[in-house]
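The report below describes a protein model, taking its aromatic residues, selected helices and overall form in turn.

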Amino acid sequence: MNSKFPKYIFDWKGFLALFAGAIVPATAVSFINVVAMIFLKENFQYEDFYLMLLNAVMWVGAILGFDLLVCRPQTGKKLNFNFSTKNVSTYFFIFPLMLGMMFIAEFITGKIPVKGPFFGPMYEWFSKMMEQMTNDFSVMFIMAVVMAPIFEEIVFRGILQKGLINKGWKPAKAIWVSAIVFGLVHGNPWQFVGAVLLGYVLGLVYHRTKSLLMPILLHAFNNGISTILLFYGKTESFSDYFGIPDYSILIIGIVLFAFFYYLFTQKYEIAHAE
């Protein structure tokens, strides 16, 4: 059957296409800001619209780079994904599965040191970076809950993971590799752990449902809760917000994840065709 979804593979050419696609427009936007600094005496670097623009052009550029330089030459088709909805039971399984992993990830992340000769300076840099983010809830919501899930899932699950599986990799290996790369892109130990663990769930759900909409919704769910906790609870920690021990969060997370993982992988039948 001639599918409308192209069966591309991901290799070093795919990596270069993503990298170049992101760097070129980002450099152009940065150059425009330099021109504005010289002639208009305006630095837009920390303005909300600039952060949103830079973020958008990098991700869109990366996706277009892969589409034009890899997908179309390989397959003769434009980059396209399945965004189909699923029956209600799908959502019943995948959201508790994701929530369980969020609890587990929080516990593990909380054990990473924030002091010492190695972690201390890194955590200080990470804290300053987070402080430079916007204080506008609507802007953060758009960037974290709308833009990030769509762009990042297209790249890490839709392009990287799917491309590795198309190349012949075993699904489990492709899922973990895409999750690890997803974590590395975040650039610090505290987000790395959560990104890898949550990336595994996102990859698993995408592989089994074959719909990129599912990991996008789960990604938005995770980022949405984190954003709300951060702005209204002044913390990203469930343990701190609800005032319960972190090991309680871990136990709840393990139970949730194990139960719904079993149901989703062993009891729930999904049509694997895209």
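## Tyr-241, Phe-242 and the aromatic pairs

In this predicted model, Tyr-241 is partly exposed, with a relative accessible area of 45%. Phe-242 has a relative accessible area of 53%, which is over the 50% cut-off, so this residue counts as exposed.

The count of aromatic pairs comes to 18. In one of them, the ring centres of Tyr-241 and Phe-242 lie 5.1 Å apart and the ring planes stand at 90 degrees, so the pair is edge-to-face. Elsewhere, ring pairs link Phe-92, Phe-93, Phe-259 and Phe-260 into a cluster.

Charged side chains also meet aromatic rings. Arg-157 lies over the face of Phe-182, 4.6 Å from the ring centre, and Arg-208 lies over the face of Phe-264, at 5.3 Å from the ring centre.

## Helix H7

Helix H7 comprises the 21 residues 189-209. At 1.5 Å a residue these should span 30 Å, and the C-alpha atoms at the two ends are indeed 30 Å apart. Of the 21 residues, 18 are buried, so H7 is largely enclosed by the rest of the structure. The N-terminal end of H7 is capped by Asn-188, which has a side-chain oxygen 3.2 Å from the backbone nitrogen of Trp-190.

Phe-192 also belongs to H7. With a relative accessibility of 28%, Phe-192 counts as partly exposed. Beyond its neighbours within four places in sequence, Phe-192 is in contact with Ile-180, Gly-183 and Leu-184. The C-alpha atoms of Phe-192 and Ala-179 are 9.6 Å apart, and these two residues are separated by 13 residues along the chain.

## Positive phi in two loop lysines

Most residues other than glycine have a negative phi. Lys-210, just after H7, takes a positive phi of about 65 degrees. This lysine is placed in the loop between H7 and helix H8 (213-233). Its relative accessible area is 16%, under the 20% cut-off, so Lys-210 is buried.

Lys-234 likewise has a positive phi, near 55 degrees. It lies in the loop between H8 and helix H9 (238-242). Is Lys-234 buried or exposed? Lys-234 is exposed, with a relative accessible area of 69%.

## Ser-178 in helix H6

Ser-178 is found in helix H6, which covers residues 171-185. Its relative accessibility is 0%, so Ser-178 counts as buried.

Which side chain forms a polar contact with that of Ser-178? The partner is Gln-161, at a distance of 3.3 Å. Apart from neighbours within four places in sequence, Ser-178 is in contact with Phe-156, Arg-157, Leu-160 and Gln-161. Arg-157 is also the residue that lies over the face of Phe-182.

## Helix H10 and its packing

Helix H10 has 22 residues, 246-267. From its first C-alpha to its last it reaches 31 Å, close to the 32 Å expected at 1.5 Å a residue.

The buried residues of H10 are Ile-249, Leu-250, Gly-253, Leu-256, Phe-257, Phe-260, Leu-263, Phe-264 and Thr-265. An α-helix has 3.6 residues a turn, so residues three or four places apart point the same way. Against which helices do the buried residues of H10 pack? They pack against helix H3 (88-110), H7 and H9. Two of these buried residues have already been named: Phe-260 takes part in the phenylalanine cluster, and Phe-264 has Arg-208 over the face of its ring.

## The chain as a whole

The secondary structure of the protein chain comes to 10 helices and 0 strands. The radius of gyration is 20 Å, close to the 19 Å that the globule rule gives for 274 residues, so the chain is as compact as a globular protein of that length. Along the principal axes, the C-alpha atoms fill a box of roughly 60 × 55 × 35 Å.

Buried residues make up 46% of the 274 residues in the chain. Of the contacts with a separation of 6 or more, 78% are between residues 24 or more positions apart.

Key: Residues numbered from 1 in each chain as written. Predicted model: local features only at pLDDT ≥ 70, side-chain atom pairs only at ≥ 80, totals over all residues. Heavy atoms only, no water. Helix = DSSP H or I, 4+ residues; strand = E, 2+ residues; numbered from the N terminus. Expected span 1.5 Å × (residues − 1). Buried < 20%, exposed > 50% of the residue type's maximum accessible area, 1.4 Å probe, protein only. Polar contact = N/O pair within 3.5 Å; in protein donor to acceptor, adjacent residues only side chain to side chain. Phe/Tyr/Trp six-rings, centres within 6.5 Å; stacked < 30°, edge-to-face > 60°. Lys NZ or Arg CZ within 6 Å of the ring centre and 35° of its normal. Contact = heavy atoms within 4.5 Å. Rg over C-alpha atoms; globule rule 2.2 N^0.38 Å.
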